[in-house]
Amino acid sequence: MSRPLHRGVSGIRISGNSNDFWDSQVKAKTEKDDLDRNRSPDQSYLSLRFPFRLLFPDSSPLKHGVTENGFASDPFSVGTPRSRHKLTMLFLKLSLIVIVILALTGSFWWTISISTSSRGHIFHGYRRLQEQLVSDLWDIGELSLGPSRLKEIEFCPEESENFIPCFNVSENLALGYSDGNEYDRLCGHGSRQRCLVLPPVNYKIPLRWPTGGDVIWVANVKITGQEVFSSGSLTKRMMMLEEEQISFRSALLMFDGVEDYSHQIAEMIGLRNESNFIQAGVRTILDIGCGYGSFGAHLFSKQLLTMCIANYESSGSQVQLTLERGLPAMIGSFNSKQLPYPSLSFDMLHCARCGIDWDQKDGIYLIEVDRVLKPGGYFVWTSPLTNVQSFLRNKEKQKRWNFVSNFAESLCWELMSQQDETVVWKKTIKKSCYNSRKPGFGPSICSKGQDVESPYYRPLQNCIGGMHSRRWLPIEERTTWPSRSNLNKNELALYGLHSEELNEDNANCKTTVRNYWSLLSPLIFSDHPKRPGDEDPSPPYNMLRNVLDMNARYGGFNAALLEAGKSVWVMNVVPTSGPNYLPLILDRGYVGVLHDWCEAFPTYPRTYDMVHAEGLLSLETSQNRRCTMLDLFTEIDRLLRPEGWVIIRDTAPLIESARALTTRLKWDARVVETESNSEERLLICQKPFFKRQAS
């Protein structure tokens, strides 16, 4: 800046004697040459300071010398009259003041004239900045803790192979829990683990569906030969131990064959066979104490979806073996807490020697059955206690049976049929039945405050729930499957939704599934080359069976997978931190559960082939988080099978933070840009198959 300024100064015309003018020109030229040769450090400082000197003249001691008449020489106005200099400065000051006033006025009018749409854009931009800030804080937090926090997470000890946080029977017993309550879910800060669960020594990748539904590797589950053969459960007896494999022979015509059993239930309801369950309005079944899932495996071929629940078991787990077969299951207990399902959720509840004493605790377990059962739904109970010949010879059994029978009547259940050891009740479709009961006969109706539609492990209630729900609709009046998945306008209004919203979600999910498969197919095909002699379908058709959707919204991802012909089932999880559309998901004919992702999911390690999470990171960061992203990802690793896949879709800053964590988890990961939304990214990960060395 100094050169132009000096050129301007040397061109100024100064009046006076010509000799003085010549002398001044020579002197100026000499000074210019000196300045070119010896540029002082102060010059750059002056060039930057010059604009501010116009407004605020320097009153510091003079550095450029004093003239003969006692006035200081100004390096920027050699020979310029003081009046012209003052006028110039005044003009510049006034100009700057005018500019500032105009700028403030324009800013004020711009602020008050922002439209609603503009505010939306600003809010959207603010959310992006907020997400970026959260992402940066995560990164800074990790970095501030030093290199030790950035190293890979260590593997868990061998005793953690089947560890499930929140289910520690020995610890619960030590805390004083008993009478079955030691099997309850108890989540505390000490229940989290910051290590990676390794599979057992001889673990093998499960066989592909549908073969994997009938044959599993014995090393993949924790079970002994004695547990295989000693179980008295109906469906547990449908298995054979063959060297390294367990085979389930549920389709054989045996005395206690599942096919004959399900056929018997259909006839007791008044149907020709189990293939007619769909026409009777039955689609979803809650199988309590499901054995090893053979009942659900058989009904799956009839387009029925059965969710198995059972207590936590350290060995010979019903839930673990059912999931290993590629069938829906989760840990669930009737002991003291309500199940994490909404009221009026299932079309049928089934208990075949499930180990629950329905006559205990004043019938409170039967009240919970009634809560989750849809109007017109069925409760099927198979037990030696229900055998007429048996309890006629045993007064104690007769007393217990009479209690259950009378209590069912007080719940307005209709006894449909009773054959051998099986009895079937049908829940009433008329709310008026409860008001027409004799005074004091049976449990009361829950008040509106007690009747929570979607409880999350609340204590069991001794009152009848679901009566205040807008979803009270008999199963016979619902659209049959598969049309049920597309609810009509009136049905959607019950959930505060419009048809356009569900249709848009379905369309987006269809595109999502198509894009995912185009990305995954070459990756899976390269990781699993075709084996000699195999006639494998195009991957990943049968490479995936158990799918976990961590933020299911309306269940659109589930719907898109089925419409695309994928032979999968989806556990639709609705986070407690977001909007609750779990009733909608269940009414569409899918299975799902309410869950807090700062707690461990109620299942065993190595459960799912794919974990999908769209928008979950944004949802969790918008809340007051009690856990970190690392806690969430460590839990995903526990749930995922070796060589399983993780697909996370979220904003770019959050995906970048997640990508950094995958290195610590030893996942193979890549980030993919999305064409539909430039602000979002896909994180596609695969969990490697690490083998534990035999000791």
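At what angle do the axes of helix H21 and helix H22 cross, and within what distance do they come? The first legend answers this. The model shown throughout is predicted.

**View 1. Helix H21 packs against helix H22.**
H21 spans residues 629-639 and H22 spans residues 652-664. Their axes cross at roughly 55° and come within 11 Å. Angles from 35 to 65 degrees fall outside both the parallel and the perpendicular classes, so H21 and H22 are oblique to each other. The crossing of H21 past H22 is right-handed. On the H21 side, the contact is made by Met629, Leu630 and Phe633. Their partners in H22 are Leu654, Ser657, Ala658, Leu661 and Arg664. By class, this contact of H21 with H22 holds six nonpolar residues, one polar and one charged.

**View 2. A disulfide joins cysteine 598 to cysteine 627.**
The S to S distance is 2.1 Å. The torsion about the S-S bond is about -70°, so this disulfide is left-handed. Cysteine 598 sits in the loop between strand S13 (591-595) and strand S14 (608-614). Cysteine 627 sits in the loop between helix H20 (616-621) and H21. The pair links distant parts of the chain, 29 residues apart. Is this pair buried or exposed? Both cysteine 598 and cysteine 627 are buried.

**View 3. A disulfide joins cysteine 166 to cysteine 187.**
The sulfur atoms are 1.9 Å apart. The link of cysteine 166 and cysteine 187 is right-handed, with 115° about the S-S bond. Cysteine 166 lies in the loop between helix H6 (147-150) and helix H7 (169-174). Cysteine 187 lies in the loop between H7 and strand S1 (215-217). These distant parts of the chain are 21 residues apart. Cysteine 166 has a relative accessible area of 5%, so it is buried. Cysteine 187, at 27% relative accessibility, is partly exposed. The cut-off for buried is under 20%.

**View 4. Cysteine 446 and cysteine 463 form a disulfide.**
Their sulfur atoms are 2.0 Å apart. The link is right-handed, with 95° about the S-S bond. Where does each cysteine lie? Cysteine 446 and cysteine 463 are both in the loop between helix H15 (432-435) and helix H16 (489-493), so the pair ties together parts that are 17 residues apart in sequence. Cysteine 446 is buried, at 3% relative accessibility. Cysteine 463 is buried too, with a relative accessible area of 4%.

**View 5. Helix H12 is largely enclosed by the rest of the structure.**
H12 covers residues 364-372. How many of its nine residues are buried? Nine of the nine are, so the helix is largely enclosed. The buried residues include Ile364, Tyr365, Leu366, Ile367 and Val369. Glu368, Asp370 and Arg371 are buried as well, as is Val372. Which elements cover them? The cover includes strand S7 (346-352), strand S8 (373-382), strand S9 (413-419) and strand S10 (422-427). Helix H14 (395-410) and H15 are also part of that cover.

**View 6. Threonine 428 lies in the loop between S10 and H15.**
Is threonine 428 buried or exposed? Its relative accessible area is 12%, so threonine 428 is buried. Leaving out residues up to four places away in sequence, threonine 428 touches Pro375, Gly376, Cys412, Cys433, Tyr434 and Trp472. The C-alpha atoms of threonine 428 and glutamate 414 are separated by 7.0 Å. Along the chain, threonine 428 and glutamate 414 are 14 residues apart.

**View 7. The protein chain combines 22 helices and 17 strands.**
The protein chain has 695 residues, and 49% of them are buried. Cysteine 509 is one of the buried residues, with a relative accessible area of 10%. Cysteine 685 also counts as buried, at 1% relative accessibility. The structure holds seven disulfides. Among contacts with a separation of 6 or more, 71% are between residues 24 or more positions apart.

Definitions and conventions:
Residues are numbered from 1 along each chain as its sequence is written. This is a predicted model: local features need pLDDT of at least 70, side-chain atom pairs count only at pLDDT 80 or more; totals for chains, interfaces and linings use all residues. Side-chain values use heavy atoms; hydrogens and water are left out. Axes are lines fitted to C-alpha atoms, for helices over the stretch in contact, and angles run from 0 to 180 degrees between N-to-C directions. Helices (H or I, at least four residues) and strands (E, at least two) are DSSP runs, numbered from the N terminus. Angles under 35 degrees count as roughly parallel, over 145 as roughly antiparallel, 65 to 115 as roughly perpendicular and the rest as oblique. A crossing is left-handed if the near helix is turned anticlockwise from the far one by less than a right angle, and right-handed if clockwise. Contact means heavy atoms within 4.5 Å. Ala, Val, Leu, Ile, Met, Phe, Trp, Tyr, Cys and Pro count as nonpolar, Asp, Glu, Lys and Arg as charged, and the others, Gly among them, as polar. A disulfide is a pair of cysteine sulfur atoms within 2.5 Å. Buried means under 20% relative accessible area, exposed over 50%, partly exposed in between (1.4 Å probe, protein chains only).
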